[in-house]
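Dear colleague,

I am passing a structure on to you and would be glad if you could look through it before we next talk. Please keep it open beside this message while you read.

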Amino acid sequence: MKFKYKKYSSEIIRPIIPIDLVYKNSPPITYEVLVDSGADICIFDAEIGELLGINLEKGEKKEVGGITGVSETYYIHPITIKVGGWPYNIKAGFLRNIAKLGYGVVGQKGFFDLFSVKFDYFKQEIELKEKNRK
């Protein structure tokens, strides 16, 4: 699967791709995510989790510290992500106050452990090859 980088201006492009999020039998929500090799896990905005019908505080409570060093609480829940139309069951975190970014983050667990990921900045393209499918 190949995706184009998202262009924000003539100088700023990012490896952002669309995925669908599903929780149990909820209708899918299409959500943009930053493909981030530096992220340990997948983290999405808490509002998206609530729209999916997830009771956030019932999940496993964790703490994360970002580039600013400020620690914040997030909650882990099992969900399904669909990438290129294919479903994958993962555990993801839901964190308040990332809506301002406009996208979630897919990281090592729940994304990079499913795909071989190739970033091509020159072509402004991300290529995903599923590790278990041929």
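Below is what was found, beginning with the core and ending with a sheet.

This is a predicted model, in which local features need pLDDT of at least 70 and side-chain atom pairs count only at pLDDT 80 or more, while totals for chains, interfaces and linings use all residues. Residues are numbered from 1 along each chain as its sequence is written, and side-chain values use heavy atoms, with hydrogens and water left out.

The largest nonpolar core (buried Ala, Val, Leu, Ile, Met, Phe, Trp, Tyr and Cys residues joined through side-chain atoms within 4.5 Å; buried means under 20% relative accessible area, with a 1.4 Å probe and protein chains only) has 38 residues, and Ile17 and Phe44 are among those with the most contacts inside it. Its largest share, six residues, comes from S8, a strand (a DSSP run of E, at least two residues, numbered from the N terminus).

Isoleucine 17 touches, among others, Phe3, Val83 and Phe111 (contact means heavy atoms within 4.5 Å), leaving aside residues up to four places away in sequence. Valine 105, in strand S10 (residues 104–106), is buried, with a relative accessible area of 15%, and its contacts, counted with the same exclusion, include Val33, Ile41 and Phe44.

Finally, three strands form an open antiparallel sheet in the order S1-S12-S11, where strands pair if DSSP finds at least two bridges between them. Strands S1 (2–4) and S11 (115–120) stand at the edges, each with a single partner, so one side of each has no neighbour in the sheet. Three bridges join S1 to S12, and lysine 4 stands opposite glutamate 125 in S12.

With best wishes

Key: Helix = DSSP H or I, 4+ residues; strand = E, 2+ residues; numbered from the N terminus. Buried < 20%, exposed > 50% of the residue type's maximum accessible area, 1.4 Å probe, protein only.
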